[in-house]
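Me: Hi! I have a fold open in my viewer and would like to talk through how its pieces fit together. Could you take some questions on it?

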Amino acid sequence: AQLANQIAAGEVVERPASVVKELLENSLDAGASQVSLEAEQGGVKRIRIRDDGCGIAQEDLALALSRHATSKIKVLDDLEAVLSLGFRGEALASISSVARLTLTSRPEGQDSAWSVKAEGRDMEPILMPAAHPVGTTVEVGDLFFNTPARRKFLKTEKTEFGHLEEVVRRLALSRFDVGFSLTHNAKSLYQLKPATTDFEREKRLATLLGPAFIEHALVMDMAAESSGLRLYGWVTQPTHSRSQPDQQYFFVNGRIIRDKVVNHAVRQAYQDVLYGGRHPAFVLFFELDPAWVDVNVHPTKHEVRFRESRLVHDFIFRSLHRVIADMRP
Ligand code: ADP
Ligand code: MG
(Lines give C-alpha, C1' and ligand atoms only; values in the text may rest on other atoms or scores of the structure.)
(Ligands and ions follow the chains in the order given, each with its own letter.)
Protein backbone atom coordinates (compact mmCIF):
# COMPACT_ATOMS: atom_id res chain seq x y z
CA ALA A 1 0.00 0.00 0.00
CA GLN A 2 2.84 2.34 0.80
CA LEU A 3 4.34 1.73 -2.62
CA ALA A 4 1.00 2.36 -4.30
CA ASN A 5 0.57 5.63 -2.40
CA GLN A 6 4.04 6.83 -3.13
CA ILE A 7 3.50 6.09 -6.78
CA ALA A 8 0.01 7.56 -6.95
CA ALA A 9 1.34 10.85 -5.59
CA GLY A 10 2.22 11.90 -9.10
CA GLU A 11 -1.13 12.83 -10.63
CA VAL A 12 -0.01 13.50 -14.13
CA VAL A 13 -2.52 14.91 -16.57
CA GLU A 14 -3.06 18.63 -16.21
CA ARG A 15 -2.78 19.88 -19.78
CA PRO A 16 -1.43 18.79 -23.19
CA ALA A 17 2.12 19.58 -22.10
CA SER A 18 1.93 17.06 -19.24
CA VAL A 19 0.73 14.38 -21.67
CA VAL A 20 3.65 15.17 -23.97
CA LYS A 21 6.13 15.02 -21.09
CA GLU A 22 4.98 11.55 -20.04
CA LEU A 23 4.89 10.20 -23.60
CA LEU A 24 8.28 11.61 -24.57
CA GLU A 25 9.84 10.23 -21.40
CA ASN A 26 8.40 6.82 -22.25
CA SER A 27 9.94 7.02 -25.73
CA LEU A 28 13.31 7.95 -24.24
CA ASP A 29 13.02 5.16 -21.66
CA ALA A 30 12.35 2.80 -24.58
CA GLY A 31 15.73 3.72 -26.06
CA ALA A 32 14.37 5.65 -29.03
CA SER A 33 16.90 7.42 -31.25
CA GLN A 34 14.24 9.36 -33.14
CA VAL A 35 11.01 10.80 -31.73
CA SER A 36 8.49 12.75 -33.74
CA LEU A 37 5.63 14.70 -32.30
CA GLU A 38 2.61 16.12 -34.06
CA ALA A 39 0.10 18.30 -32.25
CA GLU A 40 -3.15 19.90 -33.26
CA GLN A 41 -4.81 22.85 -31.57
CA GLY A 42 -2.17 23.18 -28.89
CA GLY A 43 -2.32 19.43 -28.30
CA VAL A 44 -5.92 19.49 -27.06
CA LYS A 45 -7.36 18.09 -30.28
CA ARG A 46 -4.57 15.63 -30.96
CA ILE A 47 -1.09 14.61 -29.87
CA ARG A 48 0.76 11.94 -31.80
CA ILE A 49 4.17 10.69 -30.73
CA ARG A 50 6.06 8.15 -32.77
CA ASP A 51 9.35 6.57 -31.71
CA ASP A 52 11.74 3.90 -32.92
CA GLY A 53 12.29 2.47 -29.45
CA CYS A 54 12.04 -1.12 -28.21
CA GLY A 55 8.29 -1.38 -28.71
CA ILE A 56 5.72 -3.28 -26.65
CA ALA A 57 4.84 -6.94 -27.21
CA GLN A 58 1.28 -7.76 -28.23
CA GLU A 59 0.54 -9.50 -24.93
CA ASP A 60 1.72 -6.46 -22.93
CA LEU A 61 -0.19 -3.79 -24.84
CA ALA A 62 -3.43 -3.82 -22.87
CA LEU A 63 -1.46 -4.16 -19.64
CA ALA A 64 0.52 -1.01 -20.42
CA LEU A 65 -2.74 0.95 -20.11
CA SER A 66 -3.61 -0.38 -16.66
CA ARG A 67 -2.78 1.55 -13.52
CA HIS A 68 0.51 0.74 -11.81
CA ALA A 69 1.60 -1.43 -14.71
CA THR A 70 5.20 -0.50 -15.15
CA SER A 71 8.06 -2.48 -16.56
CA LYS A 72 10.47 -0.19 -14.74
CA ILE A 73 10.22 -0.93 -11.04
CA LYS A 74 10.26 -4.09 -8.96
CA VAL A 75 10.67 -3.22 -5.31
CA LEU A 76 10.32 -0.13 -3.17
CA ASP A 77 14.08 0.27 -2.90
CA ASP A 78 14.22 0.86 -6.63
CA LEU A 79 12.50 4.19 -6.03
CA GLU A 80 15.71 5.37 -4.42
CA ALA A 81 18.04 4.16 -7.08
CA VAL A 82 15.87 4.43 -10.17
CA LEU A 83 17.74 5.96 -13.06
CA SER A 84 15.16 5.70 -15.80
CA LEU A 85 12.96 8.74 -16.21
CA GLY A 86 9.60 7.18 -15.45
CA PHE A 87 8.75 4.86 -12.63
CA ARG A 88 5.17 5.36 -11.58
CA GLY A 89 3.37 3.12 -14.03
CA GLU A 90 0.29 5.26 -14.28
CA ALA A 91 0.82 7.77 -17.07
CA LEU A 92 -0.85 5.82 -19.86
CA ALA A 93 -3.69 4.77 -17.53
CA SER A 94 -4.28 8.36 -16.40
CA ILE A 95 -4.15 9.74 -19.93
CA SER A 96 -6.54 7.13 -21.32
CA SER A 97 -9.01 7.90 -18.55
CA VAL A 98 -9.39 11.49 -19.79
CA ALA A 99 -8.85 11.17 -23.55
CA ARG A 100 -9.13 8.85 -26.54
CA LEU A 101 -5.86 6.94 -26.59
CA THR A 102 -4.48 4.60 -29.22
CA LEU A 103 -1.24 2.75 -28.56
CA THR A 104 0.32 1.03 -31.57
CA SER A 105 3.55 -0.88 -31.29
CA ARG A 106 5.85 -3.50 -32.67
CA PRO A 107 8.90 -4.87 -30.87
CA GLU A 108 11.88 -6.34 -32.70
CA GLY A 109 11.15 -9.94 -33.71
CA GLN A 110 7.36 -9.67 -33.77
CA ASP A 111 5.96 -10.18 -37.29
CA SER A 112 3.32 -7.50 -37.19
CA ALA A 113 2.20 -4.59 -35.10
CA TRP A 114 -0.77 -4.44 -32.75
CA SER A 115 -2.83 -1.60 -31.56
CA VAL A 116 -4.86 -1.01 -28.43
CA LYS A 117 -7.52 1.64 -28.04
CA ALA A 118 -9.10 3.05 -24.90
CA GLU A 119 -11.50 5.93 -24.38
CA GLY A 120 -12.31 7.16 -20.92
CA ARG A 121 -12.40 5.28 -17.67
CA ASP A 122 -15.06 2.65 -18.30
CA MET A 123 -14.00 1.20 -21.60
CA GLU A 124 -12.23 -2.14 -21.89
CA PRO A 125 -9.22 -1.69 -24.19
CA ILE A 126 -9.73 -3.16 -27.69
CA LEU A 127 -6.84 -4.99 -29.34
CA MET A 128 -6.47 -4.89 -33.14
CA PRO A 129 -3.80 -5.77 -35.72
CA ALA A 130 -2.02 -2.76 -37.18
CA ALA A 131 0.80 -1.69 -39.48
CA HIS A 132 3.84 -0.11 -37.80
CA PRO A 133 7.63 -0.37 -38.01
CA VAL A 134 9.59 -1.41 -34.90
CA GLY A 135 8.76 1.18 -32.25
CA THR A 136 5.68 2.79 -30.80
CA THR A 137 3.10 5.42 -31.71
CA VAL A 138 0.80 6.90 -29.11
CA GLU A 139 -2.08 9.02 -30.26
CA VAL A 140 -4.08 11.05 -27.77
CA GLY A 141 -7.22 12.77 -29.02
CA ASP A 142 -9.79 15.11 -27.49
CA LEU A 143 -8.11 15.65 -24.16
CA PHE A 144 -10.65 15.98 -21.30
CA PHE A 145 -13.55 15.12 -23.65
CA ASN A 146 -15.25 13.41 -20.69
CA THR A 147 -14.16 15.83 -17.96
CA PRO A 148 -15.55 19.27 -18.89
CA ALA A 149 -14.51 20.69 -15.51
CA ARG A 150 -10.87 20.06 -16.32
CA ARG A 151 -11.24 21.20 -19.92
CA LYS A 152 -12.38 24.57 -18.59
CA PHE A 153 -8.97 25.10 -16.99
CA LEU A 154 -7.18 24.90 -20.32
CA LYS A 155 -5.85 28.18 -21.64
CA THR A 156 -5.72 29.44 -25.24
CA GLU A 157 -4.27 27.27 -27.99
CA LYS A 158 -1.21 29.52 -28.08
CA THR A 159 -0.57 29.20 -24.34
CA GLU A 160 -1.09 25.44 -24.30
CA PHE A 161 1.23 25.04 -27.28
CA GLY A 162 3.82 27.23 -25.55
CA HIS A 163 3.86 24.86 -22.57
CA LEU A 164 4.02 21.86 -24.87
CA GLU A 165 6.90 23.35 -26.82
CA GLU A 166 8.81 24.04 -23.62
CA VAL A 167 8.52 20.38 -22.57
CA VAL A 168 9.94 19.28 -25.92
CA ARG A 169 12.69 21.93 -25.72
CA ARG A 170 13.83 20.74 -22.29
CA LEU A 171 13.98 17.11 -23.37
CA ALA A 172 15.68 17.97 -26.66
CA LEU A 173 18.31 19.89 -24.66
CA SER A 174 18.83 17.00 -22.29
CA ARG A 175 19.24 14.39 -25.05
CA PHE A 176 21.43 15.63 -27.89
CA ASP A 177 21.89 12.02 -28.97
CA VAL A 178 18.20 11.68 -29.89
CA GLY A 179 16.50 13.23 -32.93
CA PHE A 180 13.33 15.23 -32.29
CA SER A 181 10.80 16.66 -34.68
CA LEU A 182 7.88 18.91 -33.84
CA THR A 183 4.86 19.71 -35.98
CA HIS A 184 1.95 21.93 -34.99
CA ASN A 185 -1.28 22.16 -37.00
CA ALA A 186 0.45 20.42 -39.91
CA LYS A 187 3.27 22.96 -39.92
CA SER A 188 6.75 21.54 -39.28
CA LEU A 189 8.57 23.66 -36.69
CA TYR A 190 11.82 21.74 -36.59
CA GLN A 191 13.50 18.45 -37.31
CA LEU A 192 16.50 17.98 -35.06
CA LYS A 193 18.91 15.25 -36.07
CA PRO A 194 20.89 13.46 -33.36
CA ALA A 195 23.78 15.81 -32.54
CA THR A 196 27.21 14.37 -31.86
CA THR A 197 29.66 17.15 -32.73
CA ASP A 198 29.91 20.58 -31.08
CA PHE A 199 28.78 22.13 -34.32
CA GLU A 200 25.63 19.98 -34.41
CA ARG A 201 24.92 20.64 -30.75
CA GLU A 202 25.20 24.39 -31.26
CA LYS A 203 22.94 24.15 -34.28
CA ARG A 204 20.36 22.50 -32.05
CA LEU A 205 20.76 25.21 -29.43
CA ALA A 206 20.25 27.87 -32.11
CA THR A 207 17.08 26.14 -33.29
CA LEU A 208 15.67 25.71 -29.80
CA LEU A 209 16.79 28.96 -28.14
CA GLY A 210 17.35 31.31 -31.07
CA PRO A 211 20.57 32.21 -32.90
CA ALA A 212 21.33 35.04 -30.44
CA PHE A 213 21.84 32.54 -27.66
CA ILE A 214 24.66 30.72 -29.37
CA GLU A 215 26.25 33.92 -30.72
CA HIS A 216 26.75 35.09 -27.14
CA ALA A 217 27.48 31.77 -25.50
CA LEU A 218 30.77 30.40 -24.24
CA VAL A 219 31.37 26.69 -23.92
CA MET A 220 32.54 25.53 -20.54
CA ASP A 221 33.58 22.20 -19.07
CA MET A 222 34.90 21.92 -15.52
CA ALA A 223 35.53 18.81 -13.51
CA ALA A 224 36.72 18.12 -9.98
CA GLU A 225 38.53 14.84 -10.08
CA SER A 226 38.53 14.26 -6.32
CA SER A 227 34.75 14.43 -5.97
CA GLY A 228 33.74 13.34 -9.47
CA LEU A 229 31.71 16.52 -10.01
CA ARG A 230 31.45 17.91 -13.51
CA LEU A 231 29.77 21.06 -14.87
CA TYR A 232 29.63 21.72 -18.58
CA GLY A 233 27.51 23.45 -21.17
CA TRP A 234 26.96 26.96 -22.46
CA VAL A 235 26.83 30.23 -20.55
CA THR A 236 26.07 33.62 -22.06
CA GLN A 237 27.40 37.02 -21.27
CA PRO A 238 24.89 38.83 -19.11
CA THR A 239 24.93 41.69 -21.62
CA HIS A 240 23.32 39.39 -24.16
CA SER A 241 20.26 41.56 -24.66
CA ARG A 242 17.94 38.81 -25.79
CA SER A 243 18.64 36.65 -22.78
CA GLN A 244 15.47 35.85 -20.92
CA PRO A 245 14.96 34.50 -17.44
CA ASP A 246 13.29 31.51 -19.06
CA GLN A 247 16.44 30.64 -20.99
CA GLN A 248 18.00 29.15 -17.89
CA TYR A 249 18.32 25.39 -18.14
CA PHE A 250 20.11 23.42 -15.47
CA PHE A 251 20.21 19.64 -15.73
CA VAL A 252 21.36 17.35 -12.94
CA ASN A 253 22.37 13.91 -14.20
CA GLY A 254 20.26 14.55 -17.27
CA ARG A 255 17.11 15.85 -15.61
CA ILE A 256 16.02 19.45 -15.61
CA ILE A 257 15.73 20.77 -12.07
CA ARG A 258 14.99 23.88 -10.07
CA ASP A 259 16.96 24.11 -6.87
CA LYS A 260 17.79 26.74 -4.27
CA VAL A 261 21.39 25.64 -3.81
CA VAL A 262 22.02 25.74 -7.56
CA ASN A 263 20.21 29.07 -8.04
CA HIS A 264 22.20 30.69 -5.30
CA ALA A 265 25.52 29.44 -6.64
CA VAL A 266 24.70 30.61 -10.17
CA ARG A 267 23.46 34.01 -9.04
CA GLN A 268 26.55 34.56 -6.90
CA ALA A 269 28.84 33.60 -9.76
CA TYR A 270 27.21 36.13 -12.05
CA GLN A 271 26.95 38.85 -9.39
CA ASP A 272 30.20 40.67 -10.18
CA VAL A 273 29.37 41.01 -13.85
CA LEU A 274 25.64 41.70 -13.78
CA TYR A 275 24.59 45.08 -15.06
CA GLY A 276 21.07 46.49 -14.99
CA GLY A 277 19.61 43.34 -13.49
CA ARG A 278 19.86 41.44 -16.76
CA HIS A 279 19.17 37.74 -16.64
CA PRO A 280 21.94 35.56 -18.00
CA ALA A 281 20.95 32.69 -20.25
CA PHE A 282 22.56 29.28 -19.86
CA VAL A 283 22.25 25.61 -20.62
CA LEU A 284 24.25 23.70 -18.03
CA PHE A 285 24.74 20.05 -17.26
CA PHE A 286 25.85 19.04 -13.81
CA GLU A 287 26.96 15.50 -13.17
CA LEU A 288 27.62 13.80 -9.88
CA ASP A 289 27.45 10.39 -8.26
CA PRO A 290 23.71 9.45 -8.25
CA ALA A 291 24.12 8.41 -4.60
CA TRP A 292 24.78 12.08 -3.77
CA VAL A 293 21.48 13.33 -5.05
CA ASP A 294 17.92 12.46 -4.12
CA VAL A 295 15.68 12.99 -7.13
CA ASN A 296 12.49 11.69 -5.58
CA VAL A 297 11.82 14.66 -3.35
CA HIS A 298 8.86 15.61 -5.53
CA PRO A 299 6.80 13.36 -7.81
CA THR A 300 7.28 15.58 -10.86
CA LYS A 301 11.01 15.23 -10.22
CA HIS A 302 11.86 18.85 -10.88
CA GLU A 303 13.32 19.12 -7.42
CA VAL A 304 16.36 17.45 -5.97
CA ARG A 305 18.16 17.27 -2.66
CA PHE A 306 21.93 17.17 -2.61
CA ARG A 307 23.57 15.10 0.11
CA GLU A 308 26.67 17.34 0.03
CA SER A 309 25.01 20.64 -0.72
CA ARG A 310 27.91 22.75 0.52
CA LEU A 311 30.39 21.02 -1.73
CA VAL A 312 27.99 21.18 -4.68
CA HIS A 313 27.37 24.89 -4.13
CA ASP A 314 31.05 25.73 -3.94
CA PHE A 315 31.92 23.68 -7.01
CA ILE A 316 29.19 25.27 -9.16
CA PHE A 317 30.05 28.75 -7.93
CA ARG A 318 33.81 28.38 -8.49
CA SER A 319 33.47 26.72 -11.91
CA LEU A 320 31.05 29.32 -13.22
CA HIS A 321 32.85 32.25 -11.69
CA ARG A 322 36.06 31.33 -13.45
CA VAL A 323 34.29 31.32 -16.84
CA ILE A 324 32.17 34.38 -16.22
CA ALA A 325 35.04 36.50 -14.89
CA ASP A 326 36.78 35.96 -18.23
CA MET A 327 33.92 37.39 -20.22
CA ARG A 328 33.47 40.59 -18.24
CA PRO A 329 32.65 43.20 -20.90
P1 ADP B 1 5.93 4.03 -16.55
O2 ADP B 1 6.61 4.81 -17.65
O3 ADP B 1 5.95 4.77 -15.26
O4 ADP B 1 6.40 2.63 -16.44
P5 ADP B 1 3.58 4.40 -18.15
O6 ADP B 1 2.12 4.36 -17.83
O7 ADP B 1 4.14 5.69 -18.66
O8 ADP B 1 4.37 3.94 -16.88
O9 ADP B 1 3.89 3.24 -19.19
C10 ADP B 1 3.52 1.91 -18.85
C11 ADP B 1 4.42 0.91 -19.53
O12 ADP B 1 4.16 0.89 -20.94
C13 ADP B 1 5.91 1.21 -19.41
O14 ADP B 1 6.45 0.68 -18.23
C15 ADP B 1 6.48 0.52 -20.65
O16 ADP B 1 6.71 -0.85 -20.38
C17 ADP B 1 5.36 0.64 -21.67
N18 ADP B 1 5.57 1.75 -22.61
C19 ADP B 1 4.93 2.95 -22.61
N20 ADP B 1 5.34 3.74 -23.63
C21 ADP B 1 6.26 3.04 -24.31
C22 ADP B 1 7.08 3.30 -25.48
N23 ADP B 1 7.00 4.47 -26.14
N24 ADP B 1 7.91 2.31 -25.89
C25 ADP B 1 7.99 1.13 -25.23
N26 ADP B 1 7.26 0.83 -24.13
C27 ADP B 1 6.41 1.76 -23.66
MG1 MG C 1 6.03 6.68 -18.20
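Reply: Gladly! A definition to begin with: two strands pair if DSSP finds at least two bridges between them. Please keep in mind that this is a predicted model.

Me: Then which strands stand at the edges of the open sheet of eight strands?

Reply: The strand order in this open sheet is E5-E4-E3-E6-E2-E1-E7-E8, and the pairing is mixed. An edge strand pairs on one side only. The two edge strands are E5 (126-130) and E8 (187-192).

Me: By what angle are neighbouring strands of that sheet turned against each other on average?

Reply: Direction is ignored for this figure. On average, neighbouring strands of the eight-stranded sheet are turned against each other by 15°.

Me: Let's look inside that sheet: which residue of E6 is the bridge partner of Arg-106?

Reply: Strand E3 (residues 100-106) and strand E6 (residues 135-141) run antiparallel and are joined by seven bridges. Within E6, the bridge partner of Arg-106 is Gly-135.

Me: Which strands of the sheet does H7 touch?

Reply: Two helices are worth placing here. H2 packs on the sheet against E1 (34-40), E2 (46-51) and E6, with its direction at about 10° to that of E2. H7 packs on the sheet too, and its direction makes about 170° with that of E7. The strands touched by H7 are E1, E7 and E8.

Me: Are H2 and H7 roughly parallel or antiparallel to each other?

Reply: The axes of H2 (residues 16-29) and H7 (residues 157-174) come within 8 Å and cross at roughly 20°. Angles under 35 degrees count as roughly parallel. H2 and H7 are therefore roughly parallel.

Me: How many nonpolar residues does the contact of H2 with H7 have?

Reply: H2 passes H7 in a right-handed crossing. On the H2 side, the contact is made by Pro-16, Ala-17, Val-20, Lys-21, Leu-24 and Leu-28, and on the H7 side by Glu-160, His-163, Leu-164, Val-167, Val-168 and Leu-171. Sorted by class, the contact has one polar residue, two charged residues and nine nonpolar ones.

Me: Moving to the open sheet of five strands, which strands stand at its edges?

Reply: Its order is E9-E10-E13-E11-E12, with mixed pairing. Each edge strand has a single partner strand, so one side of each is left without a neighbour in the sheet. Those edge strands are E9 (217-224) and E12 (255-256).

Me: Which residue in the turn between E9 and E10 has a positive phi?

Reply: E9 and E10 run antiparallel, joined by eight bridges, and Ala-217 has Thr-236 of E10 as its bridge partner. The two strands form a hairpin with four residues between them. With a phi of about 75°, the turn residue in question is Gly-228.

Me: Now the other neighbour of E10: which residue of E13 is the bridge partner of Gly-233?

Reply: E10 (residues 229-236) is joined to E13 (residues 282-287) by six bridges, and the two run antiparallel. Val-235 of this pair stands opposite Phe-282. For Gly-233, the bridge partner in E13 is Leu-284.

Me: How many residues of E10 are buried?

Reply: Helix H11 (residues 309-326) lies across E9, E10 and E13, and runs at about 40° to E10. E10 is mostly covered. Of its eight residues, the number buried is six.

Me: Is Thr-183 buried or partly exposed?

Reply: Thr-183 sits in strand E7 (residues 179-184). Beyond its neighbours within four places in sequence, Thr-183 is in contact with Glu-38, Ser-188 and Leu-189. A buried residue needs 20 or more other C-beta atoms within 10 Å. Thr-183 has 16 such neighbours, so Thr-183 counts as partly exposed.

Me: Which residue in the loop between E7 and E8 has a positive phi without being a glycine?

Reply: This residue has 13 C-beta neighbours inside 10 Å and so counts as partly exposed. Its phi is near 45°. The residue in that loop is Asn-185.

Me: To finish, what share of the 329 residues is buried?

Reply: The protein's secondary structure comes to 11 helices and 15 strands. Among contacts with a separation of 6 or more, 68% are between residues 24 or more positions apart. The buried share of the 329 residues is 34%.

Key: Residues are numbered from 1 along each chain as its sequence is written. Chains are lettered from A and ligands numbered from 1 in the order in which they are written. This is a predicted model: local features need pLDDT of at least 70, side-chain atom pairs count only at pLDDT 80 or more; totals for chains, interfaces and linings use all residues. Axes are lines fitted to C-alpha atoms, for helices over the stretch in contact, and angles run from 0 to 180 degrees between N-to-C directions. Angles under 35 degrees count as roughly parallel, over 145 as roughly antiparallel, 65 to 115 as roughly perpendicular and the rest as oblique. A crossing is left-handed if the near helix is turned anticlockwise from the far one by less than a right angle, and right-handed if clockwise. Two residues are in contact if their C-beta atoms, placed from the backbone, lie within 7 Å. Ala, Val, Leu, Ile, Met, Phe, Trp, Tyr, Cys and Pro count as nonpolar, Asp, Glu, Lys and Arg as charged, and the others, Gly among them, as polar. A residue is buried if 20 or more other C-beta atoms lie within 10 Å of its own, exposed if 12 or fewer, and partly exposed in between; C-beta atoms are placed from the backbone.
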